[in-house]
Amino acid sequence: MIKAILIFNNHGKPRLIRFYEYFAEDVQQQIIRETFHLVSKRDDNVCNFLEGGSLIGGSDYKLIYRHYATLYFVFCVDSSESELGILDLIQVFVETLDKCFENVCELDLIFHMDKVHFILQEVVMGMVLETNMNEIVGQVELQNRMEKSEGLLCSAARAVSAVKNINLPEMPRNINIGDINIKVPSLSPF
Amino acid sequence: MALKIVKGSIDRMFDKNLQDLVRGIRNHKEDEAKYISTCIDEIKQELKQDNIAVKANAVCKLTYLQMLGYDVSWAAFNIVEVMSSSKFTYKRIGYLAASQCFHESTDVIMLTTNQIRKDLSSPNQYDTGVALTGLSCFVTPDLARDLANDIMTLMSHTKPYIRKKAVLIMYKVFLKYPESLRPAFPRLKEKLEDPDPGVQSAAVNVICELARRNPKNYLSLAPLFFKLMTSSTNNWVLIKIIKLFGALTPLEPRLGKKLIEPLTNLIHSTSAMSLLYECVNTVIAVLISLSSGMPNHSASIQLCVQKLRILIEDSDQNLKYLGLLAMSKILKTHPKSVQSHKDLILQCLDDKDESIRLRALDLLYGMVSKKNLMEIVKKLMLHVDKAEGTTYRDELLTKIIDICSQSNYQYITNFEWYISILVELTRLEGTRHGHLIASQMLDVAIRVKAIRAFAVAQMATLLDNAHLLTGNTQRNGICEVLYAAAWICGEFSEHLEEPMATLEAMLRPKVATLPGHIQAVYVQNAAKLFATVLRGQEGVPADSTVAQETSQLLIDRLPLFVQSSNLEVQERASCILQLVKYIQKLQQKDVEVAEEVTALFAGELNPVAPKAQKKVPVPEGLDLDVWINEPPSGSESEDEGRKSKGKAVFAKEESRHTKPRYTEVDEKELAKRREVRKAEQANNPFYIKASPSSQKVYQDGVGVEHIPVVQIDLSVPLKVPGMPMSDQYVKLEEERRERNKADKKKKKDKKKREKGEKGRRRRGDSGPESEEDITPAHMVDIVTEEMPENALPSDDDDKDPNDPHKALNIDLDNLLAASRRPLADSEKKLPVRSHRPDEVLKSPMEDRQVVEVVPEPKKKTGKEKKEKKDRKKSKEKKKKHKQEEEEDLMGSGSQEPVQAEETKEVAAPPPASTPEAAAAPASTPRTASGMAAVAPDSEPEEAKDTEPEETKSSTHKKKKQKKEKKKKKHHHNHSDGAGDESVQNGTVEEEEPLPPMSNYALLAENSYVKMMKQDADKVCDIQGNLQDGSQVVVSVIFENKCDSFIKSMEFNVLDSLNSKLQRPDGAGPHDGLIVPFQLPPGISNEARFIFSVQNIVMPQKLKGTLTFIVKTDDSSTHEKLDFKLHFTCTSYLITTPCYSDAYSKLLESGDLKGCSLKLEGVNQPFHHLLARICFHHHFSVVERIDSCASMYSRSIQGHHMCLLVKTADQTVSIDAKCDEPGLLGNVLDEIKLTFSQC
């Protein structure tokens, strides 16, 4: 079982949170802070597993995370999930994001939290739902096409163009996943 | 209208969308909160509009704000509105928001049922998909129940996209609505072979998750999974299946044997590390499950260990970590296989990753042997020096001590080495574990006598260099070590080379900066040293001035401590100062004082086991609960008010029934007691007295001369440049072993004999390796800790202090304690509980224990053992009953299924030979029931109201009451019923403090007889129980309240279809049972009646009558008393212990139906609450975590009942599950009632 998925940046700002179990908002924020505190003090070249914090989980739960440039992707899972499998799943998710957003960067996650959620929904549903990237991307695109055909979100297009033109010097634009080469023990065919 | 639409769309142009909101927040870094609050105001406006697009946009923004921590539950209804939009775009936004912020207590969720059902059956697969996804986050029991069928249908949807989502969500549905598992399971099983890999994978996921919690039920699927495992190529599926097998093998070893081969093949063939790792893990699980029976799987173990080695050697930290993790699992069962990879594990200690280092440390613990201990510790010591973080260094320190001290210093062959290690560890700055080192030093010095001389020398050096340790007292925990050092030097001062120097070191002014408790030890031990010094000096006549100088030194230095702000230091210092002054006076008169001063500290302190105190058995006849002196009666009630609940009750009872015993204690008696006490003390192992053992000569071992103890230059400062001291020992040890080996070759036979001796003398000599050939450097005699001679063999003390049952101990203990105490003469009535009018028919604890519990293969906790003991006792008691019955049979020929229980006050005492046996039956009613008695609701209403006062008064003021009633010979009109009587009899007293919980309830009462305690409890033989239907035993206490003789009591109950009183063979269905005793005035006695019960789902009430004859001097009258027996559903429950794993399996089995209960305004501590449920409703606590506990009980017909009790500010929620919903509902109602009354 996957208990929670947290994405936050190097400063602990949440970019996406998804709890598969109910926590009140303030507890959620506490969990984010605690998790960030645990994860952020670790070097990049140490292992990606952590015993769960006190707020989320307990002894049966593990935090499994990956750090991509400015973002941490943290999954809180129990012992029925394979540690290495979840690491791969994070990779699958991030690669899917990369495909859907074309060179995904933190800004995409910031401004399109809803879309990231929709993608995540095709990957995880409390348990691992789909690990085949083509299948995921296909489904996401079909749904986006449906949305377009309804033509209800004209303002969205306006916003996207605005984002692309906005000048945000403090944000490194060049964060795409391709650059970060974290060794993934390959699971053979997805 | 048109205008409105236009206006709406224009408004929309100016509405912020999500991106605008995000941008706005980013642009308002300084006043983010303020900005967001204006945004929320805007959103509120937007939500008020009719336009769904505007609403959707607002909801989308709220979803974002929710992520930032804002509570958006106020918009729940708007979210539902957006969810029900016909447009996919909006629906998706709505469902997303719902899945982020809806939960079980969101009330609008119940409005969504139909909408979700509509979406699930939508022709558009994405509408369905979105609904399923959303549901996975916020499904509630209601939704699960209502939608289970719809989702089940979707499992066979044509689109695999829907099928896989439907399959996955079924798991959540099962969790919320367990009844759905049975009907859905066949279809779920079908999906294991779905053509679509995604669906198949989802089905495997769900079944694995189910099976993990409750593996037993899924063993039958093993062949199917086995087929999947050998055929599937999907690694995700394989991993899950292999994990599942890991959970199944402990239950079915044959499966394990079958698995080894395919798993081994997979290990060899797969390139995916994740799969390899899971295979290795499962093979380990298989091997562990087989380890008892099958010795020859060494090949598989080797393979696993070898593969793990590859993982550990990998540069990927993740693999390294997992490899070590799996290694520690092997270590438990196959330590040898792991030990051969010591090099690798030691290498991991150098890893830069702390989690890996910690894992490696865990492994080390299991890998030491006599051979390699020194080497490993040496390595660890190097790490200690290098470690940069204090946390890790502290971890190392504790590990070193753990490793060395494990199993009673089993692996230490040279204690001098160990002492030096400890001394070296004191060099650690800023460690928190000074006390740990100190306690080790003390332990070793006290228990290993041969090492004392060496230890003392080392400690003296430490004291001399104390400034090195105390440099920074505030942040330095290490000064604790000085506590040990000072004590050792003082206590074993006869070993000191230069006691004078040490004494001087202990009295340095700098000492005054140490923490108080250390200073106190310094002062005390300075006195001991002083004694030693005096003895040394007085031997030589010329030194009398030197001796006086020593005294002067103390007199000069001690005033510093007399001024200490620490009371302990001050007190000890001023005592000793005065003593020394006196000694000095004597010295000036040339009186030899050394002998006498030494005598102050004579005798040896033997190590006493930490558990020893608890193990001292209470001497026969000693009642610790009895008042020594009667408490002042006037203040009694006030006192009790202040005392804690449990204590108050004790005080009350004791004072009552001990009164006659202790009022006439005279001087003679006291003197006699003093004598007895003295004699007792003489035999008491805890009274420190000069024992012959203190004069024991040290056994110098054979090899001791090889060790150049004295050659170590003690003047060497602690910080030895270059080689640390302990290293010398490592070298010496090696040499010694070499030499020993050579020796051994020469005189093999002789050695063997000697060794045999040594082996016998040493404790715990079995190492994992064949360590016989490593002879210890010292013939160390590790003194065992003392235990009282007749210590009870109970394992009480093994109880985990964190045991969740601990919280419950309080009340139950009280109860047990109360039950152990024999009933005193005055205790004619069981004390009455005043605040619980409706509690009836409770099972006495004792009988609970009598019930044979299905044996669990687990280790019994101490508590259980105790119970067992009690059980034994009660069995004895039962035997006795049988005897009695048989006697009855022979004597009167009457065959009664009634068991009479004679309490002490009965005229003819039971033929008990030992006090224990006498106590057992006497205690039964109390254990059984506690003390209180309360009116059952069978009483007329007004009786209920007055009953508490009545019963209470009858307990506490019964004497008085009796007097009042003494002359009451009048016959009350019985047409009014017993209830009326009790009203009249009730004398209203003020409320007494809460007595402990009890199950005795007042049944009925009139001026003659009081039937207390209606107590239903389970039948004693569970087999009869399960096969022949169920039996309930009711204990009734009859009390004679008038001053006439009562006889020929006949107890009769009108049977119902469901419950029948068991009558002797041949008796008609309406015949009463003769109560097998008579009651003299003021006497009470207990009888038991057995009922057979068909259906336990409903509470029952039975009408009954007691007829009896009241015999006075001149006449006798027939009387009767009506009562109603109330069998609550609770009384059909048996307290049955349950282990948490069995419990979770039970819950996951899906056979249980749920029900829940909320109690408001319960303001008692959680453990009291649990204790109440345990006691009144016969549950046992399975697990307790903070304010949450799971509880378990079983009905006499074998229904399982599980409770999850949670509490949060005065609200208690109880989620219950049982396979018999009717019973569950009734029990919950009764629980509610229990709490509504307190």
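**Notebook: Thr35(A), the A–B contact and the cysteines**

Leaving aside the neighbours within four places in sequence, I looked up what Thr35(A) touches, and I found it in contact with Leu6(A), Phe8(A), Leu63(A) and Val74(A). I note at the start that this is a predicted model. Thr35(A) is part of helix H1 of chain A. Is Thr35(A) buried or exposed? I read a relative accessible area of 1% for Thr35(A), and because buried means under 20%, this residue counts as buried.

Next I turned to the place where the two chains meet. How many residues does each chain bring to the contact? I noted 76 residues from chain A and 77 residues from chain B. The size of an interface is often given as the accessible area lost when the parts come together. For chain A and chain B I wrote down a buried area of about 6,800 Å², with carbon and sulfur atoms giving 56% of it. Of the area that chain A buries against chain B, 10% comes from Glu25(A), Met125(A) and Met127(A), which is more than any other three residues supply.

I then looked up the polar side of this interface. The rule finds eight salt bridges across the interface of chain A and chain B. I looked at the one between Glu81(A) and Lys240(B), where the closest N and O atoms are 3.4 Å apart. I also looked up polar contacts, and there are 30 residue pairs of this kind across the interface, both partners having pLDDT 80 or more.

Which elements of chain A give two or more residues to the side that touches chain B? I listed several, among them strand E2 (14-19), helix H1 (25-40), helix H2 (83-101) and helix H5 (133-150) of chain A. H5(A) gives the most, with eight residues on the side of chain A that touches chain B. Sorting that side by class, I noted 37 nonpolar, 18 polar and 21 charged residues.

Last, I checked the cysteines. A search of the whole structure finds zero disulfides over all chains. For Cys1155(B), the nearest cysteine sulfur belongs to Cys1218(B) and is 9.9 Å away, and because a disulfide needs sulfur atoms within 2.5 Å, Cys1155(B) is in none. Cys1155(B) is partly exposed, with a relative accessible area of 33%. Cys1218(B) is in no disulfide either, since the nearest cysteine sulfur, that of Cys1202(B), is 8.1 Å away. I entered Cys1218(B) as buried, at 0% relative accessibility.

Note on methods
Residues are numbered from 1 along each chain as its sequence is written. Chains are lettered from A and ligands numbered from 1 in the order in which they are written. This is a predicted model: local features need pLDDT of at least 70, side-chain atom pairs count only at pLDDT 80 or more; totals for chains, interfaces and linings use all residues. Side-chain values use heavy atoms; hydrogens and water are left out. Contact means heavy atoms within 4.5 Å. Buried area is the accessible area (1.4 Å probe) that two parts lose on being put together, summed over both. A salt bridge is a side-chain nitrogen of Lys or Arg within 4 Å of a carboxyl oxygen of Asp or Glu. A polar contact is a pair of N or O atoms within 3.5 Å; within protein, one must be able to donate a hydrogen and the other to accept it, and residues adjacent in sequence count only if both atoms are side-chain atoms. Helices (H or I, at least four residues) and strands (E, at least two) are DSSP runs, numbered from the N terminus. Ala, Val, Leu, Ile, Met, Phe, Trp, Tyr, Cys and Pro count as nonpolar, Asp, Glu, Lys and Arg as charged, and the others, Gly among them, as polar. Buried means under 20% relative accessible area, exposed over 50%, partly exposed in between (1.4 Å probe, protein chains only).
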